[in-house]
Amino acid sequence: MKKTLALLAATTALATPLMAQETLSVVGSWSSLPLHNQYEAPFWSTTLPAASDGKITVELTTHNQMGLGLGDVYPLLGQGVYDVAMTVADYAVADAPELEGLDVPLLALTAGEARAMVDAARPMVDDIYRDRFNSKVLAIAPYPPQVVFCNAEIKGLDDLKGLKVRASGRMTAKLLEALGAEGVNVSFSEVPGALQNGVVDCAVTGAGSGYSAGWWEVSTHLMPLPLGGWDPVVTAMNMDRWNSLDADTQGLIQTQIKAEFEDPAWASAQDALTNDVACLTGNGDCPSGEARSMVLVEASDADFTKARDILTSEVLPEWAERAGDDWAARWNASVGQVVGVTIE
């Protein structure tokens, strides 16, 4: 009898799958941009299902295909409208001003420096998404550095004074205003029309995003100073849905998303900037398609120093007041230590 029971138990264990069958509804970021097409879509549509031996299936769309308001992506995730969502963290700062500390302009000039900042901020981001959006952070991946496109002649940073500039996030808008520009709130998809019609003179976004979206058709000058930081895209799962998964499924998702999505996206970020600037200006080889002929405006050391001084003396202290002393202290002890900046 004991042998029969042991055999039955072993047979049952072999027949029981390590993971339950799961179908995840996933909402990706901008469908037209390289991050989604090169990394998000392949990971969720192919890589993760294959790694799970078909036990995880994915229903994938994007927030722009769904017509979601950008500020609604994470609140709806927290409510369980879908299982997983990813978009730019800056889109959520109206609900979580402390999240602005993830993407501070001008503190990281290379992909390695930007990832070090993100890694330092990760415990804060985990807490913010848990408490504000009932969500588990799975990954943080970069857009390329957020640079300046202008449909006006500029020769340096001082020439932005008095111009209307679309910022890529709230902290960037504050920096632009401190530099004497007028920050204008225009959604990414509306920027080409705004540049063409004079609603804005300049706009900040990733060089690759601007190339893919055709901003070179309605702007003439490109300044590759990262006034908009790196626009990190946070991938998160509804916390209730996450807690419903067995440990094997959770472990597989975490392992796979780091190795097959997050790490490759960061690894390509630095070369992407060089390639994208070449594609926009014609200065160098363009691997993405036809090179364009925007005027390249190299920011001077004086430009960088001036912007960095304004950031540390005005913009970061103003954020600390809005976010609160506790978050400023956490930022100083994490991100601030990595970049050598302390908010006074």
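## Charged pairs across the chain

Let's begin with E98, which forms a salt bridge with R132; their closest N and O atoms are 2.8 Å apart. This pair joins distant parts of the chain, since E98 lies in the loop between strand 3 (84–88) and helix 5 (111–133), while R132 belongs to helix 5, 34 residues apart. The model you are looking at is a predicted one. How many salt bridges does the count come to? The count comes to 17 salt bridges.

Are E98 and R132 buried or partly exposed? E98 has a relative accessibility of 7%, so E98 counts as buried. R132, at 45% relative accessibility, counts as partly exposed.

E100 also sits in the loop between strand 3 and helix 5. Its salt-bridge partner is R170, with the closest N and O atoms 3.6 Å apart. R170 is found in helix 6 (residues 170–178), and the two residues are 70 residues apart, so this pair too links distant parts of the chain. E100 is buried, with a relative accessible area of 0%, whereas R170 is partly exposed at 32%.

## A salt bridge within helix 5

Helix 5 holds a salt bridge of its own, between D126 and R122. Here the closest N and O atoms are 3.0 Å apart. Why are D126 and R122 separated by about one helical turn? Because they are four residues apart in helix 5.

Both residues of this pair are partly exposed: D126 has a relative accessible area of 28%, and R122 has one of 22%. They also take part in a wider arrangement, as R115, R122, D126, K258, E262 and D263 are linked in a network of salt bridges.

## Two strands side by side

Now for the strands. Strand 1 (residues 22–28) pairs with strand 2 (residues 56–62) in the parallel sense, over seven bridges. If you would like a place to start looking, find T23, which stands opposite T57 in strand 2.

Which element does the chain pass through between strand 1 and strand 2? The path runs through helix 2 (residues 34–51), and this β-α-β crossover is right-handed.

## Aromatic rings

The count of aromatic pairs comes to nine. One of them joins W30 and F188: the ring centres are 5.5 Å apart and the planes stand at 45 degrees, so the pair is tilted. W30 lies in the loop between strand 1 and helix 2, and F188 in the loop between strand 7 (182–184) and helix 7 (191–197). With their positions 158 residues apart, they link distant parts of the chain. W30 is buried, at 9% relative accessible area, and F188 counts as buried at 7%.

Another pair is made by Y129 and F133, whose ring centres are 5.3 Å apart; with planes at 55 degrees, this pair is tilted. These residues are four apart in helix 5, which means that about one helical turn separates them. Y129 is buried, with a relative accessible area of 0%, and F133 counts as buried at 3%.

## A cluster, and a charge over a ring

W30 and F188 turn up again in a cluster: ring pairs link W30, F149, F188 and W215. To finish, take a look at W216. What sits over the ring of W216? It is the charged end of R292, 3.6 Å from the centre of the ring.

Terms used:
Residues are numbered from 1 along each chain as its sequence is written. This is a predicted model: local features need pLDDT of at least 70, side-chain atom pairs count only at pLDDT 80 or more; totals for chains, interfaces and linings use all residues. Side-chain values use heavy atoms; hydrogens and water are left out. A salt bridge is a side-chain nitrogen of Lys or Arg within 4 Å of a carboxyl oxygen of Asp or Glu. Buried means under 20% relative accessible area, exposed over 50%, partly exposed in between (1.4 Å probe, protein chains only). Two strands pair if DSSP finds at least two bridges between them. A crossover is right-handed if, with the strands pointing away from the viewer, the path from the first strand over the helix to the second runs clockwise. Rings of Phe, Tyr and Trp (its six-membered ring) pair if their centres lie within 6.5 Å; planes under 30 degrees apart count as stacked, over 60 as edge-to-face and the rest as tilted. A charge sits over a ring if NZ of Lys or CZ of Arg is within 6 Å of the ring centre and within 35 degrees of the ring normal.
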